[in-house]
Amino acid sequence: MTRDTELALMQQVQDGDHEAFETLFTCFRQRVSHQAHALLQSEADAEDIVQEVFAALYTKSDAFRGESAVSTWLYRVTVNAALSQKRYRQRRRTLSVEDLEQDIQPRWIESDGPDNLDQHVIAAERLQRLRQAIEELSPVDRAVIVLGDLQGQSNQITGDVLGLSEAAVKSRRHRARLDLREKLTAEAC
């Protein structure tokens, strides 16, 4: 969907067009869900975020000023809702079994799959260590890694979503990667 099409649909939503809302929902639901799941690592929490994001799209569409693409605005709302949910969960200090079972499948780790059980177990252990290390990052650094490295978003889009400059995104990504490398290296010893 082009930016002009997104903006036209958003204008229609602001004018009360339910079909335009359905079109935006259909186009962006999967992306919002995937992003929320990557940030929260919980299918149930991700679905809550999807509902929250699209409720905001419907009820607060007038807050959209058209300065960015609708997709960027939705990503920002998603990240803010997910980070808010994560902070709430951290305050509550609760962790469900589902949270522990959810998998991040970053594109830079995926493979065609190991042929033997030993390789599969080693890959699963590495993925678990990576998930744990990402979870230990600050919420903003985690969002930078998820958006940039796991979802392949550009520094500009990541910055727009998080309200950071491109330079700040680059800096945070670099520091977060160094932190991840240090954590993973320390665990390997």
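1. A nonpolar core is a set of buried Ala, Val, Leu, Ile, Met, Phe, Trp, Tyr and Cys residues joined through side-chain atoms within 4.5 Å. In this predicted model, the largest such core has 35 residues. Those with the most contacts inside it are M10, L24, F54, L57, L74, V79 and L162. Six elements give two or more residues to this core: α1 (3-14), α2, α3, α4 (70-92), α7 (139-150) and α8 (155-162). The most comes from α2, with nine residues. As background, nonpolar side chains tend to be buried together in soluble globular proteins.

2. A further core lies apart from that one. This other core has seven residues, among them L130, I134, I145 and L180.

3. On the overall fold: the protein chain has nine helices and zero strands. From the N terminus on, the order of elements is therefore α-α-α-α-α-α-α-α-α, with helices and strands taken as DSSP runs. Of the 189 residues in the protein chain, 39% are buried. Among contacts with a separation of 6 or more, 68% join residues 24 or more positions apart. The accessible surface is about 10,900 Å². Carbon and sulfur atoms hold 48% of that surface.

4. Next, the α2 and α3 pair. How do helix α2 (residues 18-40) and helix α3 (residues 43-59) cross? Their axes come within 8 Å, at roughly 145°. The crossing is right-handed. On the α2 side, the contact includes H18, F21, L24, F25, F28 and R29. On the α3 side, I49, V50, V53, F54, L57 and Y58 are among the residues involved. By class, the contact residues divide into 14 nonpolar, three polar and four charged.

5. L24 deserves its own entry. It is among the residues with the most contacts inside the largest core, and it also belongs to the contact of α2 with α3. Residues up to four places away in sequence aside, L24 touches M1, L9, M10, V13, R29, F54, L57 and V70.

6. Two loop residues to check. S61 sits in the loop between α3 and α4. Is S61 buried or exposed? S61 has a relative accessible area of 7%, so it is buried; the cut-off is under 20%. Beyond its neighbours within four places in sequence, S61 contacts M10, V13, Q14 and A56. The other residue is Q41, in the loop between α2 and α3. Q41 counts as buried because its relative accessibility is 6%.

7. Backbone angles. Q41 is not a glycine, yet its phi is positive, at about 55°. Most residues other than glycine have a negative phi. G152, just after α7, also takes a positive phi, of about 75°.

8. E52 belongs to helix α3. E52 counts as partly exposed because its relative accessibility is 43%, which falls between the 20% and 50% limits. Which distance separates E52 and A81 in space? Their C-alpha atoms are 7.5 Å apart, although the two residues are 29 residues apart in sequence.

9. Finally, α7. This helix is mostly covered, with 10 of its 12 residues buried. The buried residues include the charged D141, R142 and D149. Nonpolar residues are buried there too, including V144, I145, V146, L147 and L150. I145 is one of the residues of the seven-residue core, while α7 also gives two or more residues to the largest core.

Note on methods. Residues are numbered from 1 along each chain as its sequence is written. This is a predicted model: local features need pLDDT of at least 70, side-chain atom pairs count only at pLDDT 80 or more; totals for chains, interfaces and linings use all residues. Side-chain values use heavy atoms; hydrogens and water are left out. Helices (H or I, at least four residues) and strands (E, at least two) are DSSP runs, numbered from the N terminus. Buried means under 20% relative accessible area, exposed over 50%, partly exposed in between (1.4 Å probe, protein chains only). Contact means heavy atoms within 4.5 Å. Accessible areas come from the Shrake-Rupley method with a 1.4 Å probe; for residues, only the protein chains shown count as cover. Axes are lines fitted to C-alpha atoms, for helices over the stretch in contact, and angles run from 0 to 180 degrees between N-to-C directions. A crossing is left-handed if the near helix is turned anticlockwise from the far one by less than a right angle, and right-handed if clockwise.
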